Amino acid sequence: MRRIGVVVNPIAGMGGRVGLKGTDGKVEEARKRGAEQRAPERARAALDALAETDASVEIYAFGGPMGEDAARAAGFDPVVVGEPESETGANGEGETTPADTRAAVRAFVERGVDLILFVGGDGTAVDVAETLDDLDSETPVLGVPAGVKIYSSVFAVRPREAGIVAASFDDVETGEVNDVDEDEYRAQEVSTELRAIAKTPVAEQRQASKQTGGGSVATLAEGVAEEVEPGVTYVLGPGGTVGAIKAELGFEGTPLGVDVWRADPDTGDGGTVPAGEVVVRDGGAAEIEAALGERNVVVVSPIGGQGFVFGRGNQQISPEVIRHSTVEVVATRAKLDGLDALRVDTGDPDLDGSLRGWHRVRVGRYERRLVKIE
């Protein structure tokens, strides 16, 4: 019987939909902006998938919203190894702390679990991995992605895949645990730091470490700008590739945020830089949804090394926005050559399913490449 320790960071990812680019130190601000918890439902998705495998497992969990609740909701009868010291409230709406996560990891190691399944983002991964390092433990870990920025390679590509891998993996390998400073990230600066190394299951359903390199995207950006249609609203995602498009459209975009730009109704004959205006700068999901017009185009570029089109660093582009838009994926040839597939993790399984399949990805001024989203 495989023993799996489950710990959930219930506040992970709350800042994503509302444009905060992280939740560290920003929980109250996120709540003021109307943010809702997403980690508990993602924990439940992973544990539902685990339960469906019919694997022989015993679940150990930290109390209440930090694992126990999701485990019981998925039909497990977990061994509760401790309770969070922080006040979480009747519905787990309080702010748990890294100390709670670290206490859970220590309890799991004491009980000799075979895998720690944690739900959160890179910050949670750091708490888990550093605690294991302090304990000189090689207990393998697997992350259920629930944070805003996920640069580490110890995460499954989506919650359900995490549950499947947890039940079925046969071997482990070394994975990187990376993090960025969220204050610098909000100031549009990205500097990743390798914080720890951890053992993690060998599985195709695990994501790679995020690459932060790029290439020349000038002609690609020119091609997008030349094809702008009058009166259409463009939701422009984060990253350097889309940033070049924003510059071609005549404005300095938010490098790590989502901007909304609308072409003038009488703009452009093709072949010229169109006129238009920025209607939302660095917006959250609600602002972006409110700015949509009759016709909308979402322009995004996959994350290098991972291939995520939606669900990593651009959660402001909500399922509601995607459903009311045409999606255009842009990427350099070099970036696509370094990817085994494109992926989506919008938080809406039905929408993810509709997005999967073959897409024409713009790789140059006129050229496109057929690439499959898995």
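**Helix H9 and its surroundings**

Among contacts between residues at least 6 apart in sequence, 70% join residues at least 24 apart. The model discussed here is predicted. Its protein has 13 helices and 16 strands, and 56% of the 374 residues count as buried.

Reader: Let's start with H8 and H9. What makes H8 oblique to H9?

Author: Happy to take that one. The axes of H8 (residues 218–226) and H9 (residues 240–248) cross at roughly 55 degrees. Angles under 35 degrees count as roughly parallel, and 65 to 115 as roughly perpendicular. The crossing of roughly 55 degrees fits neither range, so H8 is oblique to H9. The two axes come within 8 Å, and the crossing is right-handed.

Reader: Which residues in H8 and H9 meet?

Author: On the H8 side they are Leu 220, Ala 221, Glu 222, Val 224 and Ala 225. Their partners in H9 are Thr 241, Ala 244, Ile 245 and Glu 248. By class, this contact has 6 nonpolar, 1 polar and 2 charged residues.

Reader: What makes Glu 222 and Glu 248 count as charged, and Thr 241 as polar?

Author: Glu is listed with Asp, Lys and Arg as charged, whereas Thr is in neither the nonpolar nor the charged list and falls among the others, which count as polar. Glu 222 belongs to H8, while Thr 241 and Glu 248 belong to H9.

Reader: How do you know that the buried residues of H9 line one face of the helix?

Author: The buried residues are Thr 241, Val 242, Ile 245 and Lys 246. Seen down the axis of H9, they fall within an arc of 145 degrees, so they line one face. An α-helix has 3.6 residues a turn, so residues three or four places apart point the same way. On the other side of H9, Gly 240 and Ala 247 are exposed.

Reader: What covers the buried residues of H9?

Author: The cover includes helices H8 and H12 (333–337), along with strands E8 (233–236), E9 (259–263) and E11 (296–300). Past the end of H9 comes Gly 250, with a positive phi near 100 degrees.

Reader: One last stop, at Ala 290 in helix H10 (residues 285–291). Why is Ala 290 called exposed?

Author: Here the number decides. Ala 290 has a relative accessible area of 68%, and exposed means over 50%, so Ala 290 is exposed. The C-alpha atoms of Ala 290 and Val 321 are separated by 9.4 Å, with the two residues 31 apart along the chain.

Technical notes
Residues numbered from 1 in each chain as written. Predicted model: local features only at pLDDT ≥ 70, side-chain atom pairs only at ≥ 80, totals over all residues. Heavy atoms only, no water. Axes fitted to C-alpha atoms, helices over the stretch in contact; angles between N-to-C directions. Helix = DSSP H or I, 4+ residues; strand = E, 2+ residues; numbered from the N terminus. Parallel < 35°, antiparallel > 145°, perpendicular 65-115°, else oblique. Left-handed = near helix turned anticlockwise from the far one by under 90°. Contact = heavy atoms within 4.5 Å. Buried < 20%, exposed > 50% of the residue type's maximum accessible area, 1.4 Å probe, protein only. Arc of directions from axis to C-beta.
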